[in-house]
Structure formats: structure tokens, C-alpha cells
Amino acid sequence: MKKFNLIDDLYIHPTPGGAFYAITEPEIDPSRKLIHSLLQQKSTAPLTLEGLKQWVGMDDDDGAMGLLHHIQNLGWVQGLESPLQSNDAPLEELLPDMLKVLSDSGKVLLADSMGFYLASSGFPHEVAEELSALSAELANLHERRSGLLINNLGLGGSTWAIVDAVGHSKVGFWPLYIGGQRFVLVISGVPHLNSPNFVELVWALFLRYTASIQQDGKQVA
């Protein structure tokens, strides 16, 4: 079996691709478990073997290191020379600025599973309400029909879009599964999810919505 060695004095943090993978499906696999653990830290965690084993829930050194090597090759985590600190301002204050940079149009909203928007940037209030309601209906439809889409058609993605005549997205609906809850990111225009801004948003949501399912420092859901 191939042996791995950790590089000293690095801090581990998800990449945009890793953050996206971690929250686009409700099922928790070992890779998602590791990334979820990183996103529940208030500051970027130092990379140690003991910490790694705790994050992935493994006692086996080689198994934990092998998983880290796997997701590193996929580009889902990165090593930083200095830690990042989460923003401790109330989420309600952070969300509008976090959302508007995720699209070239500045029109983005975040809705909950009931179809109410938590924050919006660029959309008039009435439009945001309608899009939020639509996002819940689409997400429910996808969950009901995911077996057909995945098993019969081989379509593993969960994003839906309203497209123009040449297939370009006019408005996209991106489900996010965080802390046992489903949210939908609604984006008008070209999305900018492959950026640190997206990681910052996912990080802030994890810190807010996974804290509610912690008891005595242990994950319970």
C-alpha cells in the first residue's frame, strides 16, 4: 500500500469545487464528511494526522491519509500557509454582500425549503418572492424524480435552469444541503461559483445551520 506523508505547517481548507461537492447532495459519503468537518471550524484548521482521523471518523492512519490524497487529487481541498478566519458578523448582515458577487448580474437570492427567501441581491421584492416559491417547487420535483434522472438518464446534477433559445441559463436554481436542511441558491446571469466567495458563503451557512444540531460538542444529525 502506498504510504503518504503530511506536509508540515499547512492549514487545510475546501476549494470552490470541494465546497460545491459537499453541499449539492444530501447523502454523506467519506469525502463529504471530511469537507463538512472543515466547514464547521471557525478558523482554518491546521492539518495534523490526529485531526484528519477525527474529521473523517477513522482510526486507520492509512485510510484517512488515502482519503485526503483522493480528494486532493480531485481538487477539493487545498493547503494554506496561514489560517483564514470566519466572519463572526450576523448571517443576516453578511448574506446580501456574499450573494451579489456570485453572478455577473449581481442578481442572486438564497431561499429555504419552504420557498421563502433569506436574503436577496438585485431582485425586486415581488420577483424574489416568486422565484423563492418556484425554487421550492423545483427542488421538491427534483427530489421526487431523482431516481429517474440518475438511474435512467444518468443525470447526477441537481441544478435546474430556465434557458434561452440557444441553451444559455437565464435563471439557475442550485440546491444546497447544509445541516440537515435544504436551501436553494437562485442566480440570474452567469454564475461565479468557482471562486473563494462561494466557499465563504458555504462556510458561513455551515457555521450557522450546523450549530443548531450540536449537543455537548457532538454531532447528532
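What follows is a chat between a visitor and a guide about this predicted model.

Visitor: Let's start with the three-stranded sheet. What is the order of its strands?

Guide: This is an open sheet with antiparallel pairing. Its edge strands are β2 (45-46) and β3 (77-80), each pairing on one side only. Read across, the order is β2-β1-β3.

Visitor: How many bridges join β1 to β3?

Guide: Strand β1 covers residues 11-14 and runs antiparallel to β3. On its other pairing, β1 meets β2 over two bridges, also in the antiparallel sense. For β1 and β3, the number of bridges is four.

Visitor: Which residues are the bridge partners of I12?

Guide: Take β3 to begin with: there the partner of I12 is G79. P14 has a partner in β3 too, namely V77. Over in β2, I12 has another partner. So, for I12, the names are G79 in β3 and A45 in β2.

Visitor: On to helix α1. Are its buried residues on the same side or on opposite sides?

Guide: The buried residues here are P16, G18, A19, A22 and I23. They span an arc of only 165 degrees around the axis, so they sit on the same side of α1.

Visitor: And what covers those buried residues of α1?

Guide: The cover includes strands as well as helices. Among the strands are β1 and β7, and among the helices are α2 (30-39) and α7 (196-209).

Visitor: F20 and W174 pair up as rings. Is that pair stacked or edge-to-face?

Guide: It's one of four aromatic pairs in the count. The ring centres are 6.2 Å apart and the planes meet at 75 degrees; an angle over 60 degrees counts as edge-to-face. So F20 and W174 are edge-to-face.

Visitor: How many residues apart are F20 and W174?

Guide: F20 belongs to helix α1 (residues 16-23), whereas W174 belongs to strand β7 (residues 169-178). The pair links distant parts of the chain, and the separation is 154 residues.

Visitor: Is W174 buried or exposed?

Guide: Its ring partner F20 is partly exposed, at 30% relative accessible area. W174 comes out at 17%, and anything under 20% counts as buried. So W174 is buried.

Visitor: Which residues make up the ring cluster with F20?

Guide: Ring pairs do the linking here, and F20 is one of the members. The other names in the cluster are W174 and F198.

Visitor: What about Y21 and W76: stacked or edge-to-face?

Guide: Their centres are 4.1 Å apart, with 15 degrees between the planes. Y21 is in helix α1 and W76 in the loop between α4 (61-73) and β3, so this pair ties together parts 55 residues apart in sequence. W76 is buried too, at 16% relative accessibility. As for the geometry, the pair is stacked.

Visitor: Which residue lies over the face of Y21?

Guide: There's an arginine over a tyrosine face elsewhere as well: R208 over Y209, at 5.4 Å from the ring centre. For Y21, the distance to the ring centre is 4.0 Å, and the residue is R32.

Visitor: Now some serines. Is S103 buried or exposed?

Guide: S103 is in the loop between α5 (91-100) and β4 (107-112). Leaving aside neighbours within four places in sequence, its contacts include V108, I187, G189 and H192. The relative accessible area is 5%, so S103 is buried.

Visitor: Which side chain makes a polar contact with the side chain of S103?

Guide: The contact is side chain to side chain, at 2.9 Å. The partner is S105.

Visitor: And S86: which residue's backbone oxygen lies 2.8 Å from a polar atom of its side chain?

Guide: S86 is in the loop between β3 and α5, and it's buried at 15% relative accessible area. Not counting residues up to four places away in sequence, S86 touches K42, W203 and L207. The backbone oxygen at 2.8 Å belongs to K42.

Visitor: Last one: how far apart are the C-alpha atoms of S113 and V184?

Guide: S113 lies in the loop between β4 and β5 (117-121) and is partly exposed, at 32%. Not counting residues up to four places away, S113 touches A136 and R182. S113 and V184 are 71 residues apart along the chain, yet their C-alpha atoms are separated by 7.4 Å.

Key. Residues are numbered from 1 along each chain as its sequence is written. This is a predicted model: local features need pLDDT of at least 70, side-chain atom pairs count only at pLDDT 80 or more; totals for chains, interfaces and linings use all residues. Side-chain values use heavy atoms; hydrogens and water are left out. Two strands pair if DSSP finds at least two bridges between them. Buried means under 20% relative accessible area, exposed over 50%, partly exposed in between (1.4 Å probe, protein chains only). A polar contact is a pair of N or O atoms within 3.5 Å; within protein, one must be able to donate a hydrogen and the other to accept it, and residues adjacent in sequence count only if both atoms are side-chain atoms. Contact means heavy atoms within 4.5 Å. Rings of Phe, Tyr and Trp (its six-membered ring) pair if their centres lie within 6.5 Å; planes under 30 degrees apart count as stacked, over 60 as edge-to-face and the rest as tilted. A charge sits over a ring if NZ of Lys or CZ of Arg is within 6 Å of the ring centre and within 35 degrees of the ring normal. The arc is that of the directions from the helix axis to the C-beta atoms.
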